[in-house]
Amino acid sequence: MTFMYHRPAMTYSPEGTEQFPDPEIPETTTPPIKDPEAETAADRSDVLARICARTRVDIEQRSQIMSLKEITARAREVTVPTRGFGQALQHLTADRQVGLIAEIKKASPSAGILRPDYNPVEIAQEYQAAGATCLSVLTEGSCFHGSTDDIRAVREACSLPILRKDFILDPWQVHESRLIGADCILLIMAILTETQAAELIAIARGLDMDVLLEVHDEAELNRALALDTFLIGINNRNLRTLKTDIQTTIDLAPLVPPDRLVVSESGIRTQDDMMKVGAVGASAVLVGESLLREPDPGVAARRLLGFV
Ligand SMILES: O=C(O)c1ccccc1NCC(=O)[C@H](O)[C@H](O)COP(=O)(O)O
């Protein structure tokens with residue numbers, strides 16, 4: 001069976017001209033953990049389980065303020081077109097280039113606080129000027145110190161397609177993603193059954209968003225390939241130990257059929273890393289920490305892309 005790539009119309013709008021409705025989505029109830037390093041050092045192994053548990057509580061509380069029915073209706077009313085995340089990556093593949101999805105986050109469980117003076121808009125503009133193909137914005141609050149406001153602000157200031165990087169478990173969050181201006185959502189096979197993933201994919205499609213389906217091992221990859229989705233993210237990070245190894249992409253990318261597009265995620269530090277994952281079929285890399293640790297993430301992105 002040849003995979004049929006559903007694709008929303010690609011529309012790059014000039015900055016600041018898109019008007020998203022303001023549906024007054026209830027704010028998250030999970031405050032940031034003040035020192036993620038201290039917490040994860042004590043208990044790294046179940047960080048994923050803890051993030052998911054917090055997320056479930058958060059959705060439960062917020063959906064009591066704005067019901068699933070209401071947020072669904074509001075998301076369906078959005079008329080601003082999505083920006084074609086998958087299509088932007090597909091164009092690169094045609095040119096045999098490895099694209100950069102440049103990530104914006106203040107902190108992570110493995111790295112702690114990356115940028116105390118976090119300014120997502122400034123970083124996004126630097127990445128765009130440096131030649132990134134797409135952006136990834138962390139919106140998870142408790143461990144990554146992100147917020148849905150970060151996507152809204154970045155979208156206003158940049159024209160690149162945006163991935164909402166979060167721990168999406170529930171249809172409520174998919175509708176929320178469209179309302180805040182995401183063009184693509186991340187779904188993580190390690191935390192979803194096939195049935196759940198299929199439901200979330202169908203909702204995202206219905207709202208014209210792309211889906212990046214993340215896997216870390218062969219079993220997850222096989223489950224992902226059974227689903228109707230084009231973008232396969234191979235996460236080089238083991239989400240239990242939090243260690244990264246690009247050998248994960250080197251092992252798994254050759255198993256992905258050529259009608260899918262591979263994104264290699266996490267632990268990419270150098271051009272050499274990019275070339276290694278490109279050589280086994282990755283069309284793009286998703287890079288955060290190694291850029292955000294630098295004083296000027298835009299210069300670091302240029303260096304990674306070989307422009308300086
Ligand atoms: O980064 C973490 O510590 C982490 C912990 C638990 C779940 C997810 C986590 N990271 C998400 C990611 O995979 C990265 O944000 C993304 O792939 C970029 O990776 P990097 O370039 O290594 O920042």
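Here are some questions and answers on a predicted model of a single chain and its ligand.

Q: How many helices and strands does the chain have?
A: This is a predicted model, so everything below is computed from it. The chain has 308 residues, and 47% of them are buried. Its secondary structure adds up to 13 helices and ten strands.

Q: In what order do the eight strands of the barrel close?
A: Start at strand S1 (residues 99-104), which pairs with S4 in the parallel sense over four bridges. S1 also pairs with S10, again parallel and over four bridges. The pairing in the barrel is parallel, and the twist averages 25 degrees from one strand to the next. The full order is S1-S4-S5-S6-S7-S8-S9-S10.

Q: Which residue of S10 stands opposite isoleucine 101?
A: S10 takes part in two of the pairings listed here: with S1 over four bridges, and with strand S9 (residues 261-265), also over four. In the pairing with S9, valine 263 has alanine 284 as its bridge partner. Opposite isoleucine 101 stands leucine 286.

Q: How many bridges join S5 to S6?
A: On one side, S5 is joined to S4 by four bridges, and those strands run parallel. On the other, strand S5 (residues 162-165) runs parallel to strand S6 (residues 184-188). Leucine 163 has cysteine 184 as its bridge partner in S6. The number of bridges between S5 and S6 is two.

Q: Why is strand S4 largely enclosed by the rest of the structure?
A: In a regular strand, side chains alternate between the two faces of the sheet. In S4, Cys134, Ser136 and Leu138 point one way, Leu135 and Val137 the other, and all are buried. S4 is largely enclosed because the buried count for residues 134-138 is five of the five.

Q: Which residue in S5 stands opposite leucine 135?
A: Leucine 135 is among the residues with the most contacts inside the largest nonpolar core, which has 82 residues. Beyond its sequence neighbours up to four places away, leucine 135 touches residues including Ala102, Tyr127, Val154 and Leu163. In the pairing of S1 with S4, leucine 135 is the bridge partner of alanine 102. In S5, the residue opposite leucine 135 is isoleucine 162.

Q: Which elements do the buried residues of H7 pack against?
A: Ten of the ten residues of helix H7 (residues 171-180) are buried, so the helix is largely enclosed by the rest of the structure. Those buried residues include Trp172, His175, Glu176 and Arg178. Just after H7, glycine 181 takes a positive phi of about 105 degrees. The packing partners of the buried H7 residues are H2, H3, H6, S5, S6 and H8.

Q: How far apart in space are lysine 69 and tryptophan 172, C-alpha to C-alpha?
A: Tryptophan 172 is one of the buried residues of H7. Lysine 69 sits in helix H3 and counts as exposed, with 9 C-beta neighbours inside 10 Å. The two are 103 residues apart in sequence, but in space their C-alpha separation is 8.9 Å.

Q: Is histidine 145 buried or exposed?
A: Most residues other than glycine have a negative phi. Histidine 145 has a positive one, near 60 degrees, and lies in the loop between S4 and H6. With 22 other C-beta atoms within 10 Å, histidine 145 is buried.

Q: Where is leucine 242 found?
A: Leucine 242 also has a positive phi, about 70 degrees, although it is not a glycine. It is partly exposed, with 17 other C-beta atoms within 10 Å. Its place is the loop between strand S8 (231-235) and helix H10 (247-252).

Q: Which elements each supply at least two residues of the shell around the ligand?
A: The ligand is surrounded by 20 residues, the closest being Ser108, Ser110, Ser266, Gly288 and Glu289. By type, the shell divides into eight nonpolar, eight polar and four charged residues. One contributing strand is largely enclosed by the rest of the structure, because six of the six residues of S10 are buried. The elements asked for are helix H2 (47-65), strand S10 (282-287) and helix H12 (289-292).

Key. Residues are numbered from 1 along each chain as its sequence is written. This is a predicted model: local features need pLDDT of at least 70, side-chain atom pairs count only at pLDDT 80 or more; totals for chains, interfaces and linings use all residues. A residue is buried if 20 or more other C-beta atoms lie within 10 Å of its own, exposed if 12 or fewer, and partly exposed in between; C-beta atoms are placed from the backbone. A residue is near a molecule or strand if its C-beta atom, placed from the backbone, lies within 6 Å of it. Ala, Val, Leu, Ile, Met, Phe, Trp, Tyr, Cys and Pro count as nonpolar, Asp, Glu, Lys and Arg as charged, and the others, Gly among them, as polar. Two strands pair if DSSP finds at least two bridges between them. Axes are lines fitted to C-alpha atoms, for helices over the stretch in contact, and angles run from 0 to 180 degrees between N-to-C directions. A nonpolar core is a set of buried Ala, Val, Leu, Ile, Met, Phe, Trp, Tyr and Cys residues joined through C-beta atoms within 7 Å. Two residues are in contact if their C-beta atoms, placed from the backbone, lie within 7 Å.
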